[in-house]
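The following exchange sets structural terms against their criteria. Each reply gives the criterion and then the conclusion.

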Amino acid sequence: MVRKAADSAERVAYGEKSVAPAPLPVLPVWIEVSLSAIRHNFRQIRASIPSRTQILAVVKANAYGHGLLPAARAMAQAGADLLGVASVVEGVALRQAGLAVPILILGQCLPEEAPLIVRHQLIQAVGDWASA
């Protein structure tokens, strides 16, 4: 049995069947982000650890819904030593926005993205010898 999806790209194959995902309910939710609270909390963490300890502020996936650029700026202003992103695209976006703090790409990159990593002075995490 096959249920038709509005867009064939939405179909998920299960063996011989192709099933459209169930629609998600629309919920009246939102998030309010206090950048001053992010900076304050970061500084509290910084004050509680040895000064020689570096902090990687992970802002991948749109800073987990907090907004990539505002959260990254707040963390950099508060003293983050590095910013962690999921992809080359996120790293380039931060560079284009003027952030100079070191940026570590936590996810894998495609070979054709290597020139962007070099051009924007990003750092690529490596998980195996083949990727190196």
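**Terms and their grounds**

Q: Why is histidine 120 called buried?
A: Histidine 120 has a relative accessible area of 16%, and buried means under 20% relative accessible area, with exposed set at over 50% and partly exposed in between (1.4 Å probe, protein chains only); histidine 120 is therefore buried.

Q: On what kind of model and which conventions do these statements rest?
A: The model is predicted, so local features need pLDDT of at least 70 and side-chain atom pairs count only at pLDDT 80 or more, while totals for chains, interfaces and linings use all residues. Residues are numbered from 1 along each chain as its sequence is written, and side-chain values use heavy atoms, with hydrogens and water left out.

Q: Where is histidine 120 placed, and which residues does it touch?
A: Histidine 120 is in the loop between H5 and E6; helices (H or I, at least four residues) and strands (E, at least two) are DSSP runs, numbered from the N terminus. Leaving aside residues up to four places away in sequence, histidine 120 touches Val92 and Arg95, where contact means heavy atoms within 4.5 Å.

Q: Why does glutamine 121 count as exposed?
A: The relative accessibility of glutamine 121 is 63%, and it therefore counts as exposed. Glutamine 121 is also placed in the loop between H5 and E6, and has a positive phi of about 50° although it is not a glycine.

Q: What makes aspartate 81 partly exposed?
A: Its relative accessible area is 24%, a value that falls in the class between buried and exposed.

Q: How do you know that arginine 46 and aspartate 81 meet in a salt bridge?
A: The criterion is a side-chain nitrogen of Lys or Arg within 4 Å of a carboxyl oxygen of Asp or Glu. The side chains of arginine 46 and aspartate 81 have an N to O distance of 2.6 Å, and the pair qualifies as a salt bridge. Arginine 46 belongs to helix H1 (residues 35-47) and aspartate 81 to the loop between H3 and E4, so the pair ties together parts that are 35 residues apart in sequence. A search of the whole structure finds one salt bridge.

Q: What makes E3-E4-E5-E6 a sheet, and why are E3 and E6 said to stand at the edges?
A: Two strands pair if DSSP finds at least two bridges between them. Three bridges join E3 to E4, and three bridges join E4 to E5. The four strands form an open sheet in the order E3-E4-E5-E6, with parallel pairing. Strand E3 (56-58) and strand E6 (123-124) each have a single partner strand, so one side of each is left without a neighbour in the sheet.

Q: Which residues stand opposite one another in these pairs?
A: Leucine 56 has leucine 82 in E4 as its bridge partner. Glycine 84 stands opposite leucine 104 in E5, and valine 85 has isoleucine 105 in E5 as its bridge partner.

Q: Which way do the residues of E4 point, and are they buried or exposed?
A: Leu82 and Gly84 point one way and Leu83 and Val85 the other way, and all are buried. In a regular strand the side chains alternate between the two faces of the sheet.

Q: What describes the packing of H3 and H4?
A: H3 and H4 pack at an angle of about 65° with their axes 11 Å apart; axes are lines fitted to C-alpha atoms, for helices over the stretch in contact, and angles run from 0 to 180 degrees between N-to-C directions. Leu68, Leu69 and Ala72 in H3 meet Glu90, Ala93 and Leu94 in H4.

Q: Which residues of H4 are buried, and what covers them?
A: In helix H4 (residues 88-96), the buried residues are Val88, Glu90, Gly91, Val92, Leu94 and Arg95. Their cover includes helix H2 (60-65), helix H3 (68-78), strand E4 (82-85), strand E5 (103-105) and helix H5 (114-119). Just after H4, glycine 98 takes a positive phi of about 100°.

Q: How many helices and strands does the chain have, and what share of its residues is buried?
A: The chain has five helices and six strands, and buried residues make up 28% of its 132 residues.
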